[in-house]
Amino acid sequence: MAQKFSLKLLVILALNPEGLTYKQISAKTGFHINTVSRYIGTFDSKGLIDIKQQKSSNIRGKKWVNIVKMRKDLLEVKSVTEFFQKIAKQTQLKDWLSDEIVN
């Protein structure tokens, strides 16, 4: 089964270097939380992101939430082209970006 990548999610994470929760990612992308989880799992397996747990500020309980951040070295680029070149190299995928743009 081919892994799917989301250009929209990559850009959202790149524009929010402080990190986002799954719920925030869902709100910003319009993706269902399960879809966000699936994409995050793929990004994590390819080494594109860092995930840290943080206590929630929820008053009803002290639950933990995952904060997803794009890896810092991927954000330290001079251009958008360099960013996507790093992503393509890290994932070792050739055509995923062009397939998403076409579809």
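Let's go straight to helix H5, where Phe-83, Phe-84, Ile-87 and Thr-91 are buried. Those four cover an arc of only 90° around the axis, which puts them on the same side of H5. If you like thinking in helical turns, here is the background: an α-helix has 3.6 residues a turn, so residues three or four places apart point the same way. Now turn H5 around in your viewer, and on the other side you'll find Thr-81, Gln-85 and Lys-89, which are exposed. Please keep in mind throughout that this is a predicted model.

How far apart should the ends of H5 be? The helix runs over residues 80–91, and at 1.5 Å a residue its twelve residues should span 16 Å. The end C-alpha atoms of H5 are 17 Å apart, which agrees with that expectation. Right after H5 comes Gln-92, and here the backbone has a positive phi, near 55°.

Let me step back to the whole chain for a moment. There are 103 residues in the protein chain, and 31% of them count as buried. Its secondary structure consists of six helices and two strands. Following the sequence, you read the pattern α-α-α-β-β-α-α-α.

Next, helix H1, residues 7–15. Which residues are buried there? They are Leu-9, Leu-10, Ile-12 and Leu-13. These four lie on the same side of H1, because they cover an arc of only 165° around the axis.

So how do H1 and H5 sit relative to each other? Their axes come within 13 Å and cross at roughly 120°. That angle makes H1 oblique to H5. As for handedness, the crossing of H1 past H5 is right-handed.

Moving along from H1, we reach the loop that leads to helix H2 (22–29), and Gly-19 has its place in that loop. Is Gly-19 buried or exposed? Its relative accessibility is 10%, and therefore it counts as buried. Gly-19 also has a partner in space that you would not guess from the sequence alone: Met-70 is 51 residues away along the chain, yet the two C-alpha atoms are 7.4 Å apart.

Now for helix H3, residues 33–45. This one has 13 residues, and from its first C-alpha to its last it reaches 18 Å, close to the 18 Å expected at 1.5 Å a residue. Its buried residues are Val-36, Tyr-39, Ile-40, Thr-42 and Phe-43. Looking down the axis of H3, you see them fall within an arc of 160°, so they line one face of the helix. Asn-34, Arg-38 and Ser-45 are on the other side of H3, and these are exposed.

Last stop, the charged side chains. How many salt bridges does a search of the whole structure find? It finds one. The partners are Arg-71 and Asp-73, whose side chains meet at 2.5 Å, N to O. And how accessible are these two residues? Arg-71 has 18% relative accessibility, and since the cut-off for buried is under 20%, Arg-71 counts as buried. Asp-73 has a relative accessible area of 32%, so that residue is partly exposed.

If you have the model open, two places to look at again are the buried side of H5, with Phe-83 and Phe-84 among its residues, and the salt bridge between Arg-71 and Asp-73. Thanks, everyone!

Terms used
Residues are numbered from 1 along each chain as its sequence is written. This is a predicted model: local features need pLDDT of at least 70, side-chain atom pairs count only at pLDDT 80 or more; totals for chains, interfaces and linings use all residues. Side-chain values use heavy atoms; hydrogens and water are left out. The expected span of a helix is 1.5 Å times one less than its number of residues. Buried means under 20% relative accessible area, exposed over 50%, partly exposed in between (1.4 Å probe, protein chains only). The arc is that of the directions from the helix axis to the C-beta atoms. A salt bridge is a side-chain nitrogen of Lys or Arg within 4 Å of a carboxyl oxygen of Asp or Glu. Axes are lines fitted to C-alpha atoms, for helices over the stretch in contact, and angles run from 0 to 180 degrees between N-to-C directions. Angles under 35 degrees count as roughly parallel, over 145 as roughly antiparallel, 65 to 115 as roughly perpendicular and the rest as oblique. A crossing is left-handed if the near helix is turned anticlockwise from the far one by less than a right angle, and right-handed if clockwise.
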